[in-house]
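This report describes the architecture of a single protein chain, as read from its model. Please keep the sequence and the structure at hand while reading.

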Amino acid sequence: MTLAIIAALVAVAATLLYNRRSYWAWVVPGGLAFLWWGMSVGWEPPVYRVAAGAFLVAALLLGFRPLRRFLVTVWVIKLIKPLLPRMGETERVALEAGTVWWDGDLFSGDPDWRKLLDFKIQELSEKERAFLDGPVEELCGMVKEWEVVQHGDLSDEAWKFLKQHGFFGMIIPEEHGGLGFSAAAHSAVIVKLASRSITASVTVMVPNSLGPAELILHYGTDEQKKHYLPRLASGEEIPCFALTGPEAGSDAAATQSVGIVCRGTFRGEEVLGMRLNWRKRYITLAPVATVVGLAFRLRDPDGVLGDKEDLGITCALIPADLPGVEIGERHDPMGVPFHNGPTCGYDVFVPLDFIIGGRARAGEGWQMLMASLSAGRSISLPALAVASAQFATRLVGAYGTVREQFDTPIGRFEGIEEPLARIGGLTYLMNAARTMTAGSVDAGESPAVPSAIVKAYLTECMRVVVNNAMDIRAGAAICRGPRNVLATAYQAVPIGITVEGANILTRSMIIYGQGAMRCHPFVQDEIRAVAEGDIATFDRAFFGHVGHVFANAARSFLLGVTNGRLVRPPVRGRAKLLFGKFTRMSAAFALISDVAMGTLGGRLKRREKITGRLADALAWMYLGSAALKRFVDEGQQARDFCFVQYACTDALYRVQMALAGVLENLPNRFAAWAVRPIVFPLGARYKVPNDRLGGSVARGLLEDREARLHLTTDIYIPPADEPGLGRLEHALDHAVAALKVETKIRDAVRAGLLDRAPGDVLLEQALADGVITREERQQVLDADEVRDEVIQVDSFSPEAFQALRG
C-alpha cells in the first residue's frame, strides 16, 4: 500500500512537471503526502507537526510572491550577481541583436511543432519567377566558369547584362529603382547563378547583402536614399563594404580605422567633417567599387559634437575617387576570380553628412551592422552552399549511372552508395533550412541565431557534399579544364566557410552565445534585472528559471524512457515519430544548457569547446526540424521519405553526441554524473543512418528520376552539347535507355543462353542469337559512344598548359 501511494505521488509530480506546473508539482503531491501521513499517525506526533509546518511555510513562502521577494529574492540576487558574465557594450549589442523565432522553441525544451508547420513560406511572385526563368537563365547561358577563371573576370557583356537587368538592386524597393524582391526570390537567384558560376553569384550577392544598400534602406537620410539607391540599383554605382582589416578580423569591433571630427575643405567649401585613415582587406568588389561603405571608429577630441570623445563605430559612404583613397589591387581567393581586394585611405576628408543616417547616426554603426546582419547572412552563403550541393547531387547522380567499372554502373557498388547517401541526405536537409530561414526573413523576422546556423552549418555541409562528389568523380574531378565543372565549387568551399564570420568563431562563440541570451526564456531577463537591481523582474525570471529546469528534467527523463512517444505528433504519416524524438532532444538540450550555465556561470563563454558542442546540438535540431517541415509542406511524398529519414536520423545522432560531449567534458563532474541518467536513461540510443537507409537514398539518386530532379530543381541545367553537366545529362538519358537492354543480355548470360565474352563480342552474339533486336543493339552502341565522351578529361599542349599558368 505504501509503495503504491508513493508511486502515485511520484506519478502526480512527474505529470505536473512534464506539463510545466513546477510549483504545483511539489505542493500537490507534498500536501497529499502529509495528508496521508497525518491520517496514518493520527495528526499528533511532534515530528509530524514540525515537518508539516515547515512544508506549509515553504509553500506559502515560495508561492506568495511579495513575501518571497522580501525574504528570499533579495538574497538570491546578491548570490547570483558575481556569477553572471560581464559584457561590454559592443558584446551586448551583438548578442542581443535580432529576433527570436523557432530557435526559441528549440531552446525551451518544448517546441510547438504546430506553430512551425502552420508557418507558411512565401511563394515566389510571377515577377520573381519570370526573372528566374528569363534574365537569370539567360545570364547563366552567357557565363562559363572555366572561361571566367581563365579571363580573371566576368566578360564585359556579362557586367553590362547584370547592370541592365537590375541584378545589383534585388533588395532595393521598386520606388527607388530596384527589383524589390523577397528574401526567397533573392535566395533562389543566388542558387541558380551559383550553380553555374561562383564568380557571378558572389558578384551579385555582395551588393544585395550587408552593405551600403541595406544600411541606406534602414538608416539612410532621405537625401542619401534619393541619391544612392537608384544608382546602386542600376549598377551606375558599384558598392563594397569595408569592415575587415589586418587588426580586426573576427573581432571586427576592434578596428583601428579612425575618423577624426574636424573642419576642412571639401570640393571648394569649408565644412564640418571627419578626416579618415583606414586599412582594410578581403573586401569583395573593392577593386571595381565606386563607393566604399566604411566602418571606422569616430573620435571627437575637440568636443565639436558634444562631451564624448570616442563616439564609437560609425558607418559612412566614401566615393572611391576622392584624394587619399587607394583601391584597385586584387586578392586571389583560391583562384575564384570574383573581385576582392584591399582598400586604404590616408587623410581622406569628407563631410559629416557622409555618415549613413547623417551626423545623428554618428557612433551607431555597430548597432546598425548587428541589426542588419541577419538578413544577408540568412541568404547569400546558404544559397551558395545549396547551389553547390544541388549541383553535386545532379552531377554524381548521373555519373554514378553513366560511369561503369567491371561492366557495372559505379553507383551500384556499396563503396559509392555511402557518399551518395550523404550527398542526398544533406542536400535535402540543406535546401529545407535555406528556404525556411529565408521565409522567416520574408515574415519580418531578423533571425540572428538561425542565420548564424545556416551560414556556418550549410557551408560545412557544402564541404562534405562537394568532397564526397569529388571522391566519386575521382580522376575526372582533379583534372582541371572545361569538362571539370566541379573544380570551382571545390575551390570555393574554404571561402564560404571563412567569410561573413569564420565558422570556427560562429560555432564556438556566436550561435550559443546569442542563443543563451536571446532564446532562453529567462536568462536575458535575469541578467538585465540584476544589472538594474529590479527585484520584481528578477523574482519572476529566477523562479521561472528554476521551475523550467525541473520541468525539463522530468520531460528529459520521461521522453528518454519512451523515446519521445509521449509527444503527440502534429501530423500523421511515416515521419510522425521523428517529431517526438526531436522534442526529446530539445528537452535534453535545455536541461544540459542550464546545467552548464549554472555550474560554470560567466566562465562558460570562455569554455568554447563546450559552447561549440551546445551550438552543434542547437544547430542540428534546427536543421532537422527544417527537413521535417519540408517533408510535411510538400505533402509527405513517398519518394522523399528516405531523404528526410536519413537527414533526421543523422541530425538526431549529431545532437545526441554533442550533448554527450558536453557531459563528458563538464568541469563539475558531480553535475554531469547526476544529469546523464536523466537525459540518457536507456543510454545513447540514436545511431548513424544504417546501410539499408543509405542504400535507399543512393538508389533514389540513381534510379528515381523524379526524386533526383526534385532534389536539384533550383539549379541551372546547361544545354546537352556543352561539356560537363549538359553532356552528362544527355549521356544519362542514353544510359538509362540502354540499361534495360544490358540487363537482358546479363540475364541471358546467367541463364546459359549466351557465353561470357567481351562487351562488343557479347553484344553481337546477343543480336545473332535473337536475345536483342537491332534497335536495342543500336541503343547500347549509342550509349557506349556518349558514355565514352563524357568520361574523358581535359588535356593541354605544353604551350596551352603554360598559358594556363599565366
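The sections below go from the overall make-up to the cores, selected elements, single residues and enclosed spaces.

## Overall make-up

The model is a predicted one, and the protein it describes has 32 helices and nine strands. Of its 806 residues, 55% are buried. Among contacts with a separation of 6 or more, 76% are between residues that lie 24 or more positions apart.

## Nonpolar cores

The largest nonpolar core has 195 residues, and those with the most contacts inside it are Phe167, Ile318, Met430 and Leu659. Apart from this core lies another, of 25 residues, which includes Val93, Leu229, Phe241 and Cys315. As a general tendency, nonpolar side chains in soluble globular proteins are buried together.

Leu659 can serve as an example from the largest core. Once neighbours within four places in sequence are left aside, Leu659 is in contact with Met585, Ala588, Phe589, Ile592 and Leu614, and also with Ala617 and Phe680.

## Strand β7 and its partners

Strand β7, which covers residues 340–351, has ten of its twelve residues buried, so the strand is largely enclosed by the rest of the structure. Strand β3 (residues 269–284) runs antiparallel to β7 and is joined to it by nine bridges; within this pairing, Met274 stands opposite Val350 in β7.

Strand β6 (residues 325–327) also pairs with β7 in the antiparallel sense, here over three bridges, and Val325 is found opposite Gly345 in β7.

## Helix α12

Helix α12, made up of residues 198–205, has eight of its eight residues buried, so this helix is largely enclosed by the rest of the structure. The buried residues of α12 are Ile198, Thr199, Ala200, Ser201, Val202, Thr203, Val204 and Met205, a list that includes residues such as Thr199 and Ser201 as well as Ile198 and Val202.

The elements that cover the buried residues of α12 include the helices α9 (145–151), α10 (156–164), α11, α15 and α19 (487–498), together with strand β3. Strand β3 is also the strand that is joined to β7 by nine bridges.

## Two residues in helices

Met368 lies in helix α15, which spans residues 365–402, and with a relative accessible area of 2% this residue is buried, since the cut-off for that class is under 20%. When residues up to four places away in sequence are not counted, Met368 touches Leu215, Tyr219, Ile356 and Arg361. Met368 and Cys315 are 53 residues apart in sequence, while their C-alpha atoms are 8.5 Å apart in space; Cys315 is among the residues of the core of 25 residues.

Arg705 has its place in helix α28 (residues 705–711), and at 48% relative accessibility this residue counts as partly exposed, because the exposed class requires a value over 50%. Arg705 and Gly397 are 308 residues apart along the chain, and their C-alpha atoms are separated by 9.5 Å.

## The largest cavity

By the rule applied here, the count comes to one cavity of 30 Å³ or more. The space in the largest cavity is about 120 Å³, and of the 16 residues that line it, Arg473, Arg483, Gly724, Val790 and Gln792 are the closest to its centre.

Helices α29 (725–750) and α31 (774–790) each supply at least two residues of the lining of the largest cavity, and α29 gives the most, with three residues. By residue class, the lining of the largest cavity divides into eight nonpolar, three polar and five charged residues.

## The second largest pocket

The second largest pocket holds about 890 Å³ of space. Of the 31 residues that line this pocket, the closest to its centre are Leu124, Arg129, Arg434, Thr435 and Asp714, and the lining as a whole divides into 13 nonpolar, six polar and twelve charged residues.

Four helices, α8 (126–142), α11 (183–194), α16 (414–442) and α24 (608–633), each supply at least two residues of the lining of the second largest pocket. The largest share of that lining, six residues, comes from α16. Helix α11 also appears among the elements that cover the buried residues of α12.

Notes: Residues are numbered from 1 along each chain as its sequence is written. This is a predicted model: local features need pLDDT of at least 70, side-chain atom pairs count only at pLDDT 80 or more; totals for chains, interfaces and linings use all residues. Side-chain values use heavy atoms; hydrogens and water are left out. A nonpolar core is a set of buried Ala, Val, Leu, Ile, Met, Phe, Trp, Tyr and Cys residues joined through side-chain atoms within 4.5 Å. Buried means under 20% relative accessible area, exposed over 50%, partly exposed in between (1.4 Å probe, protein chains only). Contact means heavy atoms within 4.5 Å. Two strands pair if DSSP finds at least two bridges between them. On a 1 Å grid over the protein atoms alone, a cavity is a set of points where a 1.4 Å probe fits but cannot get out, and a pocket is an open set with protein on both sides within 12 Å along at least five of seven lines; lining residues have an atom within 4 Å of a point. Grid points are joined across faces, edges and corners, and a volume is the space filled by probe spheres set on the points. Ala, Val, Leu, Ile, Met, Phe, Trp, Tyr, Cys and Pro count as nonpolar, Asp, Glu, Lys and Arg as charged, and the others, Gly among them, as polar.
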